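Here is a friendly walk through one protein model, meant to be read with the structure open beside you. We will begin at the surface, move to the packed interior, and finish in the loops.

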Amino acid sequence: MRVLQIGGTYVGAQRIIEGETHRWLIKNGHESRVLYAIGEPDDENTVCYETRPENLSRRLLNKVFGNTPCYARPQTRRIIRYIKEWKPDVVHLHVLHHGYADYIFLLNFLAREQIPVVFTMHDMWEATGGCYHYSAQQCDGYKNGCCNCPAEPVTLDCKPSQTEKYFSVKKKIFKKLNNPCFVAVSPWVAEEAKQTALATYPIYTVWNAVSYTEKTALPKRANGKFGIVGVAACWDKRKGIDRFLELAQLLGDGYEIRLVGEVSTDIKERAPKNIVFLGRVNDAAKLSALYAEADLHISMSFEETFGMTFIEAAFVGTKSLGFNKTAIPYVIEKVFGYVIDSNDVSDMVNTIHELNQHRENCKLNSEEIVAVRDFFSADRMAKGYYHVYERAINKK
């Protein structure tokens, strides 16, 4: 089998998913290539399709005029030339929104050539006119064409006035493709997708994998406070930063909250003193150590299609606490964590106080850690994608 994966970025979770699948395919006698716009190659078969000047131009145009796929037309032509030359049996598409590629141009080409296509739904973009998440604002516009979009422009892949247009364009192109397959990264995404226009297509679930890095030693807290860790790329409203500030205020001095990720000066200035902002942590071993050293990992997000941080914490034995929203309860069930059924931060405070009295309940036992690492292993994920590729090719 000859598999070509295409994505916008080859960093973070995307690098793990695409890279581990790529290596598994090669290890098991298949041919595999990965194309990306941003990142660093792993080997000669992971190839960047965007030049530095093209990257700067695309980002500037998107910032000034709004996200649109047409600013990546040269990059997309390069992708198409690669497909024509290499002739893959199946094309696996990851995140292409945010203008990383002219997906309309690319999908029309794949439809003409009748090349089997697999989409991984890392968010809900495939089912909407331009947004990635809709649950927090309780929007069901995707059911009637995504017209009059209420989302803020910064949260869209296009202008709000264009969502109805792109909703229609995407659905028409999907119909032209050679029986496309959609892969959800969690059961919640699969359930949501089956309520959209994608319900007529095969929808499979393949859980993401998480890479494990042995933790390095960090200084222990000398104050004996109950330690909480939260991790995000950037702390904003969607990731629940306001709820973290409220949590810190309610918990008081007996607790210390460490937040990993970028944060604005304004948030730092109004945060309670028991929150420590660590900034971005790029060292995987150090991040694992931060999870391991904490008593509890907490997510304040109401909107997750997967929730990588829950698994990262469980891999080193730390349990998680989160709200009963979107994919979060599905993931927490797999990592033996705790779920808050309400939207109330004070209810979370009560649970944390109880766990503080029995800190042994904050850690996974050895059998649970093994179960988590096995379920979210790269091998399991790659095999799942391989079976989807087989179905896509056989349908051709």
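## Surface, cores and loops

Phe65 has a relative accessibility of 46%, so it counts as partly exposed. Please keep in mind throughout that this is a predicted model. Phe65 sits in helix H2, which covers residues 52-65. Together with Leu60 and Val64, Phe65 makes a nonpolar surface patch of about 310 Å².

Now for the interior. In soluble globular proteins, nonpolar side chains tend to be buried together. Here the largest nonpolar core has 70 residues. Helix H4 supplies the largest share of this core, with seven residues. Which residues have the most contacts inside the core? They are Ile6, Ile83, Leu93, Leu110 and Ile311. Leu93 is a good one to click on: leaving aside neighbours within four places in sequence, Leu93 is in contact with Ile6, Leu106, Leu107, Leu110, Val117, Val118, Phe119 and Thr120. Apart from the largest core lies another one, of 31 residues, including Phe226, Trp235, Tyr255 and Phe323.

Phe323 also leads us to a loop residue, Ser342. Setting aside residues up to four places away in sequence, Ser342 touches Phe323 and Asp347. Ser342 is found in the loop between strand S15 (338-340) and helix H12 (345-357). Is Ser342 buried or partly exposed? Its relative accessibility is 23%, and buried would require under 20%, so Ser342 counts as partly exposed. The C-alpha atoms of Ser342 and Asn324 are 7.2 Å apart in space, while the two residues are 18 apart in sequence.

The side chain of Ser342 has polar partners as well. It forms a polar contact of 2.5 Å with the side chain of Asp347. In addition, a polar atom of the Ser342 side chain lies 3.1 Å from the backbone nitrogen of Asp344.

Two other loop residues are worth a look for their backbone angles. His98 has a positive phi although it is a residue other than glycine, and Phe336 likewise has a positive phi without being a glycine. The table sets out where they lie.

| Residue | Phi | Loop | Relative accessibility |
|---|---|---|---|
| His98 | near 65° | between strand S6 (90-93) and helix H4 (103-113) | 35%, partly exposed |
| Phe336 | about 60° | between helix H11 (328-334) and S15 | 31%, partly exposed |

Strand S15 therefore makes a handy landmark when you browse: the loop holding Phe336 lies between helix H11 and S15, and the loop holding Ser342 lies between S15 and helix H12.

Methods: Residues numbered from 1 in each chain as written. Predicted model: local features only at pLDDT ≥ 70, side-chain atom pairs only at ≥ 80, totals over all residues. Heavy atoms only, no water. Helix = DSSP H or I, 4+ residues; strand = E, 2+ residues; numbered from the N terminus. Buried < 20%, exposed > 50% of the residue type's maximum accessible area, 1.4 Å probe, protein only. Contact = heavy atoms within 4.5 Å. Polar contact = N/O pair within 3.5 Å; in protein donor to acceptor, adjacent residues only side chain to side chain. Patch = residues over 30% accessible without salt bridge, like charges linked within 9 Å, V, L, I, M, F, W, Y side chains within 5 Å. Areas by Shrake-Rupley, 256 points an atom, 1.4 Å probe, with all protein chains shown as cover. Salt bridge = Lys/Arg side-chain N within 4 Å of Asp/Glu carboxyl O. Core = buried A, V, L, I, M, F, W, Y, C linked by side-chain atoms within 4.5 Å.
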